[in-house]
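This briefing goes through one protein model, starting with a single aromatic residue and then moving to the chain as a whole. The points are grouped by topic.

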Amino acid sequence: MDEVVPPLPPAGATVGATRSSYAGFLKSNVREYGMLMSLVIIMGLFQFLTDGTLLQPLNLTNLVLQNSYIVIMALGMLLVIVAGHIDLSVGSVVGFIGALAAVLMVQLGWHFVPATLACLVAGAVIGAAQGWFVAFFRMPSFIVTLAGMLVFKGLSLALLQGQSVGPFPAAFQLLSSGFVPDVLDGESMRTTSLLAGIVAAAALLAAKLRERSNQARHAMESEPYAFFIAKNVVFVAIIVGLSWKLASYKGLPNVLVIMALLMLFYDFVTTRTTIGRRIYALGGNEKAARLSGIKTQWLSFWTFVNMGVLAAMAGLVFAARLNTATPKAGAGFELDVIAACFIGGASASGGVGKVLGAVIGAFVMGVMNNGMSILGIGIDYQQVIKGLVLLAAVFVDVYNRRKA
């Protein structure tokens with residue numbers, strides 16, 4: 001008997017199915033791809049409006065330094081928000097830690113290493129104190145951290161006695177104002193920084209290719225190949241381009257290296273570890289997480305401890321950049337940090353958010369601040385525009401959740 005050969009699909013059926021699958025994937029991952037495209041568009045817009053000033057090496061260096069402490073805190077705030085909480089005290093903690101560092105190093109003459117460790121421990125204690133009330137006494141995180149914001153703002157004033165204290169030791173200032181040394185001694189280009197950027201881009205691409213290969217080996221669903229190529233080409237171009245621009249000035253800032261290491265660490269924790277998955281489960285449904293055996297109280301507690309340590313680190317970076325501690329340091333930082341997480345795709349309801357999204361959200365805010373300042377837009381209208389951008393991001397999140 002002759003073998004029956006099934007009819008071939010119409011010529012346009014495969015193309016139509018591919019387009020449909022692309023559209024469906026993009027719709028279900030609108031947060032991730034939408035923010036990446038938004039960052040590229042915003043940078044291109046301000047590059048045009050500022051006549052190329054935005055992407056000048058000097059301005060890019062300033063952009064990294066100005067947003068380093070926001071990015072560092074956004075990594076911790078993301079975990080707090082994913083767990084279903086909020087922390088309004090981080091700005092005041094930044095100011096308090098800067099004041100503590102000034103007292104230890106400038107007034108008491110401590111070496112910057114033990115002083116830095118003491119400040120990080122102080123941040124952990126602050127986070128533990130607030131986390132204890134939230135996790136074990138079931139007090140709303142909004143109220144606890146609002147109280148913390150007032151307490152540590154007052155303690156900053158008390159430590160500094162209402163005056164600015166500085167300057168810090170030169171070695172401590174390198175935390176924020178230092179650059180990666182050029183061991184290869186490039187003439188017109190910081191060769192070491194450029195090679196470091198190229199190696200980082202190659203390592204990222206290799207890791208993504210390996211991850212996609214593992215997904216294919218285990219028959220796991222992965223993003224369409226065209227999206228995979230486009231996204232990683234953009235990331236590689238950004239890393240290499242940024243490295244080349246910075247290498248043509250003073251090289252990679254030390255704080256950029258710290259940020260990159262923290263991003264890699266928290267991305268690994270949130271995507272590859274049990275505790276990361278449990279934090280998402282806690283924010284998604286606390287009761288279900290508790291019934292499944294997760295110690296939800298301790299998990300919430302440790303997210304606040306982590307936030308305290310990162311706020312302390314941001315306070316040290318900010319103090320090193322200013323080279324002085326002021327009573328008003330950190331004012332309003334909590335708003336920029338929370339906005340960065342929400343703009344980057346974190347859900348106000350908890351359980352949703354990515355490290356990369358928080359970092360992109362922080363740089364969206366940073367590029368907007370920097371670009372509007374170059375254009376001479378007043379701080380009043382800058383606040384209006386930032387508020388509208390935050391409102392739009394949360395609106396998109398709520399709208400998508402209702403449709404789902």
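Trp 298 has a relative accessibility of 39%, and because that value falls between the limits for buried and exposed, the residue counts as partly exposed. The model is a predicted one. Its protein chain contains 16 helices and 0 strands.

**Trp 298 and its partner**

- Trp 132 is also partly exposed, with a relative accessibility of 39%.
- There are 14 aromatic pairs in the structure.
- In one of these pairs, the ring centres of Trp 132 and Trp 298 are 6.4 Å apart and the ring planes meet at 75°, so the arrangement is edge-to-face; the cut-off for that class is over 60 degrees.
- This pair connects distant parts of the chain, since Trp 132 belongs to helix H5 (residues 112–136) and Trp 298 to helix H13 (residues 296–322), with the two positions 166 residues apart.
- Both tryptophans belong to one aromatic cluster, whose other members are Phe 136, Phe 301 and Trp 302.

**A tilted phenylalanine pair**

- Phe 168 and Phe 172 make a tilted aromatic pair, with 5.0 Å from centre to centre and 45° between the planes.
- Phe 168 is buried, at a relative accessible area of 4%.
- Phe 172 counts as buried too, because its relative accessibility is 2% and the limit is under 20%.

**Overall dimensions and packing**

- For 404 residues, a compact globule would have a radius of gyration near 22 Å, and the protein chain agrees with this at 23 Å.
- Along the principal axes, the C-alpha atoms of the protein chain fill a box of roughly 95 × 60 × 40 Å.
- Buried residues make up 44% of the 404 in the protein chain.
- When contacts between residues at least 6 apart in sequence are taken, 79% of them in the protein chain join residues at least 24 apart.

**Surface and charge**

- The protein chain exposes about 20,500 Å², and 68% of this area comes from carbon and sulfur atoms.
- Its side chains include 26 positive and 17 negative ones.
- The centres of these two sets of charges are 8 Å apart.

Methods:
Residues numbered from 1 in each chain as written. Predicted model: local features only at pLDDT ≥ 70, side-chain atom pairs only at ≥ 80, totals over all residues. Heavy atoms only, no water. Helix = DSSP H or I, 4+ residues; strand = E, 2+ residues; numbered from the N terminus. Rg over C-alpha atoms; globule rule 2.2 N^0.38 Å. Buried < 20%, exposed > 50% of the residue type's maximum accessible area, 1.4 Å probe, protein only. Contact = heavy atoms within 4.5 Å. Areas by Shrake-Rupley, 256 points an atom, 1.4 Å probe, with all protein chains shown as cover. Lys, Arg positive; Asp, Glu negative; His and termini not counted. Charge placed at Lys NZ, Arg CZ, Asp CG, Glu CD. Phe/Tyr/Trp six-rings, centres within 6.5 Å; stacked < 30°, edge-to-face > 60°.
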